[in-house]
Amino acid sequence: MTPLALALSYLLSLNLVTFGLFWWDKQCAIHRRWRVPESTLLTLCLVGGALGAKIGQGVFRHKTRKEPFRTSLNAIMVLHLGFMSALVLPGFRASVMALLSDTSTALFG
């Protein structure tokens, strides 16, 4: 698997999990059951699941008015957008691809 495919698989999986947790937390809120901690949701957002969180937030209308959660999620989205736009710059992109290649080689041989 190429480093780019590995990174995309990771991001897709993580965003699906994060989206699912937003659904699960909304269901728990409706039925007054144990909830997913906000720290868990924000950690998943920070490590790459922010898009799934924003989509889940909109689809399920969940945590849309909750502060500081909403501000933290938006800040993470800005951070991710800045990082993704930096990938367009040739020098930075080459450095990130080399790091992904080295990491995948170290992990998977």
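Reader: Which residues of α4 do Pro 3, Leu 4, Leu 6 and Ala 7 in α1 meet?

Author: In this predicted model, Pro 3, Leu 4, Leu 6 and Ala 7 of α1 meet Met 97, Leu 100, Ser 101, Ser 104 and Phe 108 of α4.

Reader: And how do the residues of that contact of α1 with α4 divide into nonpolar, polar and charged?

Author: The contact of α1 with α4 is made up of seven nonpolar residues, two polar ones and no charged ones.

Reader: At what angle do α1 and α4 pack?

Author: Helix α4, which covers residues 90-108, packs with α1 at an angle of about 85 degrees, and the two axes are 9 Å apart. An angle from 65 to 115 degrees counts as roughly perpendicular, and α1 and α4 are therefore described as roughly perpendicular to each other.

Reader: What about α1 and α2, how do their axes cross?

Author: The axes of α1, residues 3-30, and α2, residues 38-60, cross at roughly 55 degrees and come within 7 Å. The two helices α1 and α2 are therefore oblique to each other. As for handedness, the crossing in which α1 passes α2 is right-handed.

Reader: How many nonpolar, polar and charged residues are in the contact of α1 with α2?

Author: In the contact of α1 with α2 there are 17 nonpolar residues, together with seven polar and two charged ones.

Reader: Let me pick one residue, then: where is Gly 49 found, and what does it touch?

Author: Gly 49 is found in helix α2, and, leaving aside residues up to four places away in sequence, Gly 49 touches Leu 14, Asn 15, Thr 18 and Leu 44.

Reader: Is Gly 49 buried or exposed?

Author: Gly 49 counts as buried, because its relative accessibility is 0%, where the cut-off for buried is under 20%.

Reader: How far apart are Gly 49 and Leu 99?

Author: Gly 49 and Leu 99 are 50 residues apart in sequence, and in space their C-alpha atoms are 20 Å apart.

Reader: Changing topic, how many disulfides does the structure hold?

Author: The structure holds zero disulfides.

Reader: Why is there no bond for Cys 28?

Author: The closest cysteine sulfur to that of Cys 28 is in Cys 45, and at 17 Å it is too far for a bond. Seen from the other side, the sulfur of Cys 45 has its closest cysteine sulfur in Cys 28, again at 17 Å and too far for a bond.

Reader: And are Cys 28 and Cys 45 buried or exposed?

Author: Cys 28 counts as buried at 1% relative accessibility, and Cys 45 counts as buried at 0%.

Technical notes: Residues are numbered from 1 along each chain as its sequence is written. This is a predicted model: local features need pLDDT of at least 70, side-chain atom pairs count only at pLDDT 80 or more; totals for chains, interfaces and linings use all residues. Side-chain values use heavy atoms; hydrogens and water are left out. Axes are lines fitted to C-alpha atoms, for helices over the stretch in contact, and angles run from 0 to 180 degrees between N-to-C directions. Helices (H or I, at least four residues) and strands (E, at least two) are DSSP runs, numbered from the N terminus. Angles under 35 degrees count as roughly parallel, over 145 as roughly antiparallel, 65 to 115 as roughly perpendicular and the rest as oblique. A crossing is left-handed if the near helix is turned anticlockwise from the far one by less than a right angle, and right-handed if clockwise. Ala, Val, Leu, Ile, Met, Phe, Trp, Tyr, Cys and Pro count as nonpolar, Asp, Glu, Lys and Arg as charged, and the others, Gly among them, as polar. Contact means heavy atoms within 4.5 Å. A disulfide is a pair of cysteine sulfur atoms within 2.5 Å. Buried means under 20% relative accessible area, exposed over 50%, partly exposed in between (1.4 Å probe, protein chains only).
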